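Student: I'm new to this one and would like a close look at a single part. Could you pick a pair of charged side chains, stay with it for a while, and then show me what lies around it?

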Amino acid sequence: MEEVPHDCPGADSAQAGRGASCQGCPNQRLCASGAGAASDPAIEEIKEKMKTVKHKILVLSGKGGVGKSTFSAHLAHGLAEDENTQVALLDIDICGPSIPKIMGLEGEQVHQSGSGWSPVFLEDNLGVMSVGFLLSSPDDAVIWRGPKKNGMIKQFLRDVDWGEVDYLIVDTPPGTSDEHLSVVQYLAAAHIDGAVIITTPQEVSLQDVRKEISFCHKVKLPIIGVVENMSGFICPKCQDSSPFHIAFQKESQIFPPTTGGAEAMCQDLKIPLLGKVPLDPRIGKSCDKGQSFLVEAPDSPATVTYRSIIQRIQEFCSQRLPEGENLVGS
């Protein structure tokens with residue numbers, strides 16, 4: 001993953017892709033093609049489409065395999081437990097769309113209506129859209145260059161008929177590349193509440209998360225906070241032996257936080273740590289079966305942490321400033 005240049009002008013700048021610091025940057029062509037966002041008529045179309053969406057949350061990760069899609073899915077599940085809350089989950093991981101599997105929607109198809117593409121609804125108040133719904137088989141490889149991926153993201157944002165939505169959750173691929181620049185650029189005029197950044201405790205993951213944080217600062221994307229996944233492990237079967245044994249359970253560190261984990265990083269960078277989700281084998285099992293872990297394991301320490309994180313995200317969104325003003329972390 002390439003680190004954002006220190007003096008990067010930012011994707012929204014008129015000098016994006018054209019400044020001296022842009023020379024040699026792998027994203028130079030993309031930024032240059034989008035410099036002066038107003039030149040793309042899709043920006044205004046997306047802004048108009050997004051007027052019915054109250055809150056927009058991006059879920060980012062520096063490295064793959066840290067549980068970003070799992071978190072996106074369970075954030076959607078948790079928010080949608082309130083029947084009065086309308087939730088939309090958009091998967092823009094074009095080459096690795098795992099949301100259909102995690103949400104139990106494999107094999108579903110997207111339908112066209114007079115007002116655009118209709119999302120696939122898991123519940124009456126939970127709609128999902130993914131490139132996975134457009135493939136003939138889950139095993140099909142998406143072999144696209146950047147411009148085609150960016151075009152698909154534009155189409156998702158402009159042509160999907162979400163209706164009145166309280167929360168739009170955008171699950172992104174790992175990194176700081178084409179898809180991320182596109183979604184930030186296209187949604188900038190429509191106001192993004194912020195990003196939730198997912199990591200695991202070990203330094204190899206935190207290194208890439210620091211780059212993700214740098215990316216957010218460069219493109220003026222507010223950071224809601226960081227979630228540390230796979231943070232310790234307590235064997236769930238040990239809880240079955242005796243109610244008195246629980247107090248003596250020992251937590252194992254599967255991924256040792258050799259540099260202090262996300263907690264130390266967040267303190268150093270002055271970014272909120274939303275929570276530390278412990279490992280629970282039932283999380284993976286729920287995702288494979290397309291079920292909500294929050295429902296399948298309501299008493300798990302991981303579920304308790306998930307619910308606390310979801311509440312903090314809701315509080316952040318409810319306290320957002322009027323459009324055009326900066327939020328904390330921007």
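Tutor: Let's start with Glu-179 and Lys-149, which form a salt bridge with their closest N and O atoms 3.1 Å apart. Keep in mind as we go that this is a predicted model. Glu-179 sits in helix H6 (residues 178–187) and Lys-149 in helix H5, so the bridge ties together parts that are 30 residues apart in sequence. Are these two residues buried or exposed? Glu-179 is buried, and Lys-149 is buried too. As a general point, side chains of opposite charge can pair when their charged atoms come close.

Now stay with H5 and look at its other neighbour. H5 covers residues 146–159, and its axis comes within 8 Å of the axis of helix H2 (residues 41–49), with the two crossing at roughly 40°. That angle makes H2 oblique to H5. Which residues do the touching? On the H2 side they are Ala-42, Glu-45, Ile-46 and Lys-49, and on the H5 side Lys-154, Leu-157 and Arg-158. Sorted by class, this contact has 3 nonpolar residues, 4 charged ones and no polar ones. Two of these names turn up again in a network of salt bridges, which links Glu-45, Arg-158 and Asp-159. So far, then, H5 has given us Lys-149, which pairs with Glu-179, and Arg-158, which belongs to that network.

Let's step back for a moment to see where our pair fits. The structure holds 13 salt bridges. Another of them joins the side chains of Lys-68 and Asp-171, at 3.2 Å from N to O. This one links distant parts of the chain: Lys-68 is in helix H3 (residues 68–80), Asp-171 is in strand E7 (residues 165–171), and 103 residues separate them. How buried are its two ends? Lys-68 has a relative accessible area of 6%, so it counts as buried. Asp-171 comes out at 0%, so it is buried as well.

For a contrast, try Asp-280 and Arg-282, whose closest N and O atoms are 2.8 Å apart in their salt bridge. Asp-280 is buried, with a relative accessible area of 8%, whereas Arg-282 is partly exposed at 33%.

Back to H6, where Glu-179 lies. If you follow the chain out of H6, you come to a loop that leads to strand E8 (194–199), and His-191 is found in that loop. His-191 has a phi near 75°, which is a positive value in a residue other than glycine. In general, most residues other than glycine have a negative phi. His-191 has a relative accessibility of 9%, so it counts as buried. Another residue with a positive phi is Lys-270, where the angle is near 60° and the residue is again not a glycine. Lys-270 sits in the loop between H8 and strand E10 (273–276). At 74% relative accessibility, Lys-270 counts as exposed.

Since that loop follows H8, have a look at the helix itself. H8 (residues 261–269) pairs with helix H7 (residues 203–218): their axes come within 11 Å and cross at roughly 35°. The crossing is right-handed. H7 brings Leu-206, Val-209, Arg-210 and Ile-213 to the contact, and H8 brings Gly-261, Ala-262, Met-265 and Leu-269. Here the classes come to 6 nonpolar, 1 polar and 1 charged. Put that beside the contact of H2 with H5, which has 3 nonpolar, no polar and 4 charged residues.

Finally, the whole chain around our pair. The protein chain has 11 helices and 10 strands, and 51% of its 330 residues count as buried. Among contacts between residues at least 6 apart in sequence, 76% join residues at least 24 apart. Our opening pair, Glu-179 and Lys-149, ties together parts 30 residues apart, and the Lys-68 and Asp-171 pair spans 103 residues.

How values were computed
Residues are numbered from 1 along each chain as its sequence is written. This is a predicted model: local features need pLDDT of at least 70, side-chain atom pairs count only at pLDDT 80 or more; totals for chains, interfaces and linings use all residues. Side-chain values use heavy atoms; hydrogens and water are left out. Axes are lines fitted to C-alpha atoms, for helices over the stretch in contact, and angles run from 0 to 180 degrees between N-to-C directions. Helices (H or I, at least four residues) and strands (E, at least two) are DSSP runs, numbered from the N terminus. Angles under 35 degrees count as roughly parallel, over 145 as roughly antiparallel, 65 to 115 as roughly perpendicular and the rest as oblique. Contact means heavy atoms within 4.5 Å. Ala, Val, Leu, Ile, Met, Phe, Trp, Tyr, Cys and Pro count as nonpolar, Asp, Glu, Lys and Arg as charged, and the others, Gly among them, as polar. A crossing is left-handed if the near helix is turned anticlockwise from the far one by less than a right angle, and right-handed if clockwise. A salt bridge is a side-chain nitrogen of Lys or Arg within 4 Å of a carboxyl oxygen of Asp or Glu. Buried means under 20% relative accessible area, exposed over 50%, partly exposed in between (1.4 Å probe, protein chains only).
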